[in-house]
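Biologist: Could you take me through one part of this model slowly, as you would for a student in the first year? I would like a close look at the largest pocket and what surrounds it.

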Amino acid sequence: MSTSVPDHAAILGAFWRVLAGSGWHGLTLRAVAAEAGLSLAELRRHFATPLHILAAHQRAVDAAVLEGTVDDLGSTPRDRLFDVLMRRLDSLQPDRAGVVRLLRDLPRAPLLALWFAPRNASSMAWMLEAAGLDAAGPKGVLRVQGLIGVWLAALRAWEKDESEDLSATMAALDRALDQADRAARWFGMAPREDQAEPEPEVEAAPESPDEVI
């Protein structure tokens, strides 16, 4: 075994390689340690369970997207969300085989799906913030839920898309964002900067004192 101190990225890579071959239900920490070139004791110093490894990976993906975010408030919120979510998918590409295997195992792992739910909500809140959209308050909660739907639609397309340019994934994400945008407008939640220009004001008749709001 190596005596050098591994970084988390190396362990995460080993985790996904093992998962790609064994699936979620066949994954063991012993196999992850062996793939990473570590003893079980060394692996334990970094992660207690496979769920802790998954959580670390999700934080790493969040951080990669946030670190690559450049303020571009001249673009529309929809365009910024498209960019943010595509960069999130790009961050998954190096571990594609393992992530796809996990996605296919999730229907047979309901407890794992439940574990993911609040963590996906947290990640989507950060993605909204990266796109310059408020994720706080009641409207923020609704935006997060809407973006989860968009993200899952993009993931389903990405899972089947083996093209180099991810054209099918981009098309699916485009459609999902269109649907979310229509829903936001229907509920009056479209971002202020993405709403139509206000109509010119029409000069009103003078108000009486008791009509002033």
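Modeller: The largest pocket is lined by 23 residues, and those that lie nearest its centre are Leu103, Phe116, Asn120, Trp151 and Leu155. Please keep in mind from the start that this is a predicted model. The elements that each give two or more residues to the lining are helix H4 (50-67), helix H5 (77-92), helix H6 (96-105), helix H7 (110-130) and helix H8 (137-160). The volume of the largest pocket is about 530 Å³, and its lining, sorted by class, has 16 nonpolar, 4 polar and 3 charged residues.

For the setting, it helps to step back to the protein chain, which has 9 helices and 0 strands. Of its 213 residues, 39% count as buried.

Let us begin the closer look with H8, the helix that holds Trp151 and Leu155, two of the residues nearest the centre of the pocket. H8 has 24 residues and spans 35 Å from its first C-alpha to its last, which is close to the 34 Å expected at 1.5 Å a residue. Its buried residues include Val144, Leu147, Ile148, Trp151, Ala154, Leu155 and Trp158. In reading such a list, it is useful to recall that an α-helix has 3.6 residues a turn, so residues three or four places apart point the same way.

Two of the tryptophans in H8 also have an arginine over the ring. The charged end of arginine 88 sits over the ring of tryptophan 151, at 5.3 Å from its centre, while arginine 96 lies over the face of tryptophan 158, at 4.8 Å from the ring centre. Tryptophan 158 can also be placed relative to glutamine 93, a residue in the loop between H5 and H6. The C-alpha atoms of glutamine 93 and tryptophan 158 are separated by 9.6 Å, although the two residues are 65 apart along the chain. Glutamine 93 has a relative accessible area of 29%, and because buried means under 20% and exposed means over 50%, this residue counts as partly exposed.

We can now turn to Phe116, another of the residues nearest the pocket centre. The structure holds 2 aromatic pairs. In one of them, the rings of phenylalanine 15 and tryptophan 16 have their centres 5.1 Å apart and their planes at 75°, so the pair is edge-to-face, the term used for planes over 60 degrees apart. Phenylalanine 15 counts as buried because its relative accessibility is 0%, and tryptophan 16 is buried as well, at 4%. Tryptophan 115 and phenylalanine 116 form an aromatic pair that is also edge-to-face, with 5.1 Å from centre to centre and 75° between the planes. Tryptophan 115 has a relative accessible area of 15%, so this residue is buried, and phenylalanine 116, with 14%, is buried too.

Finally, if we follow the chain onward from H8, we come to leucine 166, which has its place in the loop between H8 and helix H9 (167-186). The phi angle of leucine 166 is near 55°, a positive value in a residue other than glycine. With a relative accessibility of 5%, leucine 166 counts as buried.

Terms used
Residues are numbered from 1 along each chain as its sequence is written. This is a predicted model: local features need pLDDT of at least 70, side-chain atom pairs count only at pLDDT 80 or more; totals for chains, interfaces and linings use all residues. Side-chain values use heavy atoms; hydrogens and water are left out. On a 1 Å grid over the protein atoms alone, a cavity is a set of points where a 1.4 Å probe fits but cannot get out, and a pocket is an open set with protein on both sides within 12 Å along at least five of seven lines; lining residues have an atom within 4 Å of a point. Grid points are joined across faces, edges and corners, and a volume is the space filled by probe spheres set on the points. Helices (H or I, at least four residues) and strands (E, at least two) are DSSP runs, numbered from the N terminus. Ala, Val, Leu, Ile, Met, Phe, Trp, Tyr, Cys and Pro count as nonpolar, Asp, Glu, Lys and Arg as charged, and the others, Gly among them, as polar. The expected span of a helix is 1.5 Å times one less than its number of residues. Buried means under 20% relative accessible area, exposed over 50%, partly exposed in between (1.4 Å probe, protein chains only). Rings of Phe, Tyr and Trp (its six-membered ring) pair if their centres lie within 6.5 Å; planes under 30 degrees apart count as stacked, over 60 as edge-to-face and the rest as tilted. A charge sits over a ring if NZ of Lys or CZ of Arg is within 6 Å of the ring centre and within 35 degrees of the ring normal.
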